[in-house]
Amino acid sequence: MPNSESSPADSASVDAEADWEARYQAGSTRWDRGGPSPSLEQWLQRTALKPGARIVVPGCGFGHEVPTLAARGFHVIGLDVAPTPVEQLRSDLDHAGLEADVVQADMLSWRPEAPVDGVYEQTSLCALPPAQWPAYERQLHAWLRPGGELFACFMQTGREGGPPFHCALPAMRELFPADRWDWRDEAGRTDHTNGKYELLHRLIRR
Ligand SMILES: C[S@@+](CC[C@H](N)C(=O)[O-])C[C@H]1O[C@@H](n2cnc3c(N)ncnc32)[C@H](O)[C@@H]1O
């Protein structure tokens, strides 16, 4: 697995790192399931990707999905801006005897060395302020090879503000337009606490 690159941190990256690291330091991580999300199994049942494919998990946090993907033979790059979950995930992988790249970087500026085959996007888009969503979409498009898969878990909160920010489906259709993304499968939903849930979609990068 080649190493990955990141651009020099700008002030927004520094802010994101400080903001999210403070949540981890305070133990304020209510989003964390303590294990892989059932959403991952929905993707694995549908994906055309085979073991050996290169997959990015952006905003992975403690990244319980990363060892699961690594154990299935995928080359995984877990990416997060906060140091604490990055260190924890590296340690978890080590203890499990599994290999993956775990990168501490801002997903709005990081680039892989070569295009990847898949992106598993879970509670990452909804962690970003909506003003940053177009830049994030451009990143996902740039990371993936043509024909690569984006498995997106679009957070539904039904309320203003965030994080997590509400990812209404009409807004997602505009953010991931049909001339850049082929919306291939609906894959159901995954429930969270307090009535929140994610809508699962498999998109192919054109
Ligand atoms: C709500 S948590 C979700 C973590 C994980 N995906 C999960 O489902 O448990 C959002 C994660 O995104 C990370 N994050 C926020 N902004 C980021 C950025 N600009 N670049 C990389 N990671 C970021 C945070 O540090 C945090 O770990």
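This briefing walks through the ligand site, one helix, some backbone oddities and a few buried residues. The model is predicted, so treat every value here as computed from that prediction. The ligand has 15 residues around it, and the protein buries 95% of the 600 Å² that the ligand exposes when taken alone. Elsewhere, there are two cis peptide bonds to look at, G162 to P163 and P163 to P164. Two buried residues in strands, W181 and R202, round things off.

**The ligand site**

- Start with the residues that come nearest to the ligand: out of 15 around it, they are Y24, G59, D80, Q122 and T123.
- Y24 puts an N or O atom of its side chain 2.5 Å from an oxygen atom of the ligand.
- T123 has a polar side-chain atom 2.6 Å from a ligand oxygen, and for Q122 the corresponding distance to an oxygen atom of the ligand is 2.7 Å.
- On its own the ligand would expose 600 Å², and 95% of that is buried by the protein.
- As for the make-up of the shell, it splits into nine nonpolar, four polar and two charged residues.

**T123, a ligand neighbour with an unusual backbone**

- T123 sits in the loop between β4 (116-122) and α5 (133-143).
- Its phi is near 45°, which is positive even though T123 is not a glycine.
- Most residues other than glycine have a negative phi.
- With a relative accessible area of 21%, T123 counts as partly exposed, because the buried class stops under 20%.

**Helix α4**

- Helix α4 covers residues 83-96, which makes 14 residues.
- Its length checks out: at 1.5 Å a residue the helix should span 20 Å, and the C-alpha atoms at its ends are indeed 20 Å apart.
- Which residues of α4 are buried? They are P83, P85, V86, L89 and L93.
- An α-helix has 3.6 residues a turn, so residues three or four places apart point the same way.
- The buried residues of α4 pack against two helices, α1 (11-25) and α3 (65-71), and two strands, β2 (75-80) and β3 (101-104).
- Just past the end of α4, G97 takes a positive phi of about 70°.

**Loops and turns worth a look**

- T29 is in the loop between α1 and α2 (38-46).
- Is T29 buried or exposed? It is buried, because its relative accessible area is 17% and the cut-off is under 20%.
- Leaving out residues up to four places away in sequence, T29 touches R23, Y24 and F62; Y24 is also one of the residues that come nearest to the ligand.
- The G162 to P163 peptide bond is cis, with omega near 0°.
- The next bond along, from P163 to P164, is cis too, again with omega near 0°.
- P163 is in the loop between β5 (144-156) and α6 (169-175), and P164 lies in that loop as well.
- Most peptide bonds are trans.
- N194 has a positive phi, near 60°, and is not a glycine.
- N194 is in the loop between β6 (181-191) and β7 (197-205).
- At 70% relative accessibility, N194 counts as exposed, because the cut-off for that class is over 50%.

**W181 in strand β6**

- W181 lies in strand β6 and is buried, with a relative accessible area of 0%.
- Its side chain makes a polar contact of 2.6 Å with the side chain of E137.
- Beyond its neighbours within four places in sequence, W181 is in contact with E137, L140, H141, L144, L150, F176, L203, I204, R205 and R206.
- W181 and I55 are 126 residues apart along the chain, and their C-alpha atoms are separated by 17 Å.

**R202 in strand β7**

- R202 is found in strand β7.
- How buried is this arginine? R202 has a relative accessible area of 8%, which puts it in the buried class.
- The side chains of R202 and E149 make a polar contact at 2.9 Å.
- Its contacts, neighbours within four places aside, include W43, R46, T47 and A48, along with E149, L150 and F151.
- R202 is also in contact with D182, W183, R184 and D185.
- L150 turns up in the contacts of W181 and in those of R202.

Conventions: Residues are numbered from 1 along each chain as its sequence is written. This is a predicted model: local features need pLDDT of at least 70, side-chain atom pairs count only at pLDDT 80 or more; totals for chains, interfaces and linings use all residues. Side-chain values use heavy atoms; hydrogens and water are left out. A residue is near a molecule or strand if one of its heavy atoms lies within 4 Å of it. A polar contact is a pair of N or O atoms within 3.5 Å; within protein, one must be able to donate a hydrogen and the other to accept it, and residues adjacent in sequence count only if both atoms are side-chain atoms. Accessible areas come from the Shrake-Rupley method with a 1.4 Å probe; for residues, only the protein chains shown count as cover. Ala, Val, Leu, Ile, Met, Phe, Trp, Tyr, Cys and Pro count as nonpolar, Asp, Glu, Lys and Arg as charged, and the others, Gly among them, as polar. Helices (H or I, at least four residues) and strands (E, at least two) are DSSP runs, numbered from the N terminus. The expected span of a helix is 1.5 Å times one less than its number of residues. Buried means under 20% relative accessible area, exposed over 50%, partly exposed in between (1.4 Å probe, protein chains only). Contact means heavy atoms within 4.5 Å.
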